[in-house]
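Reader: Hey, got a minute to walk me through this one? I'd like to start with the pockets.

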Amino acid sequence: MDLHQLRERIAQIESEVAASLTKAGSGDAVRGLDNRVLGKEGSLSALITSIKEYPPDQRGQVGKLVNEAKARVKASFEARLAELRAADAQAEASAAGAFDATLPGVAAPMGAVHPVTAVQWEVERLFERLGFTLEAGPEMESEYNNFEALNIPASHPARDMQDTFWLTNGMVLRTHTSPVQHRSMKKFGPPLRVIAPGRCFRYETIDASHENTFHQIEGLLIDRDIGLPHLIALAKMLLTEVMQREVELRVRPGYFPFVEPGLEIDMNCRICGGKGCPTCKNSGWVEVLPAGMVHPNVLRAGSIDPDEWSGFAFGLGLTRLAMMKYGIRDIRVLNSGDLRATVSPVRLGGPIVWEKSA
Ligand code: PHE
């Protein structure tokens with residue numbers, strides 16, 4: 001046999017071993033096979049005994065080839081024995097009814113979701129059902145989008161309603177999600193239905209109910225013959241669904257330059273049950289939904305004809321709503337590392353995947 005034939009012989013033995021191994025259904029069968037291949041008279045061992053027949057300069061090579069093959073075959077015997085042992089153990093255990101290794105494993109814990117995110121997902125899901133589009137908008141906004149386009153000119157006292165972070169490049173950190181109203185009108189034109197969740201910023205002194213960073217969800221619906229009843233019905237549906245209880249609403253006039261008429265839609269405080277507490281400023285009511293009919297100037301700025309179209313907008317205070325829903329008394333914990341208020345994403349069903357708008 002020359003070296004070439006030796007290699008072929010080894011390959012042949014190995015493939016025979018592999019075929020017999022899959023058929024070997026017991027430890028004894030594997031050990032019998034082991035003896036026939038690696039034992040004293042075994043087929044691979046026999047190749048080593050023939051080493052003297054090779055020229056001296058080839059003997060090292062022969063030894064190496066055969067020994068490597070032996071190691072591979074030995075490893076395959078061991079693997080098969082381990083397999084058989086595991087199968088035995090499983091059969092034994094399931095006969096005893098103790099453990100079913102065929103059941104799917106327990107899912108690893110997935111972490112948790114911030115309460116604001118949890119409420120955001122719920123609101124998004126509701127509006128997806130109602131055919132709304134999801135828009136984002138940037139956190140750094142132009143002065144025009146944040147104010148002018150919303151009927152708040154530079155000289156207007158309403159600028160003072162929102163303490164604004166001005167950036168050195170002349171832009172602002174958006175003080176509300178309302179600039180997305182203007183962006184959406186420009187982007188889609190009428191009719192349109194959009195919600196825009198996002199982070200907003202105000203230069204506030206931080207206390208139990210004020211933060212410099214908070215979340216809102218803007219809503220905007222523009223169509224023909226839209227009126228306040230549509231808005232109030234939607235508000236009731238939205239708050240009832242998020243709070244998972246019948247909520248009482250209080251509707252008051254409110255002033256925002258970009259709506260006319262403007263409303264404050266409040267819900268009864270769930271922290272104190274309406275008796276009065278610091279969270280509701282002792283009134284029993286919490287302002288969660290400022291809203292109103294879109295001002296004609298805002299429609300015009302968005303290239304929409306106010307004689308043909310009307311609509312409503314709202315700015316849901318997502319942070320405050322999350323506090324109500326989960327009974328969080330102090331807004332400051334929401335931007336802290338306290339994990340006690342987090343919510344299981346498994347229970348929430350995870351975020352929805354929105355279809356990308358054009
Ligand atoms: N953008 C307003 C605010 O943050 C809320 C609002 C939105 C009011 C839409 C009316 C309509 O104060």
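Author: Sure. Let's begin with the second largest pocket: E8 gives the largest share of its lining, three residues. Keep in mind that this is a predicted model.

Reader: OK, and which elements give two or more residues to that lining?

Author: Strand E6 (249-253), E8 and H10 do.

Reader: How much space lies in the second largest pocket?

Author: About 190 Å³. The second largest pocket is lined by 14 residues, and Thr279, Lys281, Trp285, Glu287 and Arg320 are the closest to its centre.

Reader: What's the split by class in the lining of the second largest pocket?

Author: Five nonpolar, three polar and six charged residues.

Reader: Now the largest pocket. What volume does it have?

Author: The largest pocket comes to about 750 Å³. It has 32 lining residues, with Arg202, Phe214, Gln216, Pro290 and Arg320 closest to the centre. Arg320 also sits among the residues closest to the centre of the second largest pocket.

Reader: Nice. Which elements supply at least two residues of the largest pocket's lining?

Author: Four strands and a helix: E5 (213-223), E7 (259-268), E8 (285-294), E9 (310-317) and H10. E9 brings the largest share, five residues.

Reader: And how do the lining residues of the largest pocket divide, nonpolar, polar and charged?

Author: There are 13 nonpolar, 11 polar and eight charged ones.

Reader: H10 keeps coming up. At what angle do H5 and H10 pack?

Author: About 100 degrees, with the axes 9 Å apart. That angle falls between 65 and 115 degrees, so H5 is roughly perpendicular to H10. For reference, H5 covers residues 115-129 and H10 covers residues 318-326.

Reader: Which residues in H5 meet which in H10?

Author: On the H5 side you have Pro115, Val116, Ala118, Val119, Gln120 and Glu122. Facing them from H10 are Leu318, Thr319, Leu321, Ala322, Lys325 and Tyr326. By class, this contact has eight nonpolar, two polar and two charged residues.

Reader: Let's zoom out. Which domains does the assignment give for the chain?

Author: Domain 1 spans 3-96 and domain 2 spans 115-356.

Reader: How many Å separate the centres of domain 1 and domain 2?

Author: The separation is 72 Å, taken over C-alpha atoms.

Reader: Great, that's what I was after. Thanks!

Notes: Residues numbered from 1 in each chain as written. Predicted model: local features only at pLDDT ≥ 70, side-chain atom pairs only at ≥ 80, totals over all residues. Heavy atoms only, no water. Domains from an automatic or database assignment. Axes fitted to C-alpha atoms, helices over the stretch in contact; angles between N-to-C directions. Parallel < 35°, antiparallel > 145°, perpendicular 65-115°, else oblique. Contact = heavy atoms within 4.5 Å. Nonpolar A, V, L, I, M, F, W, Y, C, P; charged D, E, K, R; others polar. 1 Å grid on protein atoms, 1.4 Å probe; cavity = no way out; pocket = protein on both sides within 12 Å on 5 of 7 lines; lining within 4 Å. Points joined across faces, edges and corners; volume = space filled by probe spheres on them.
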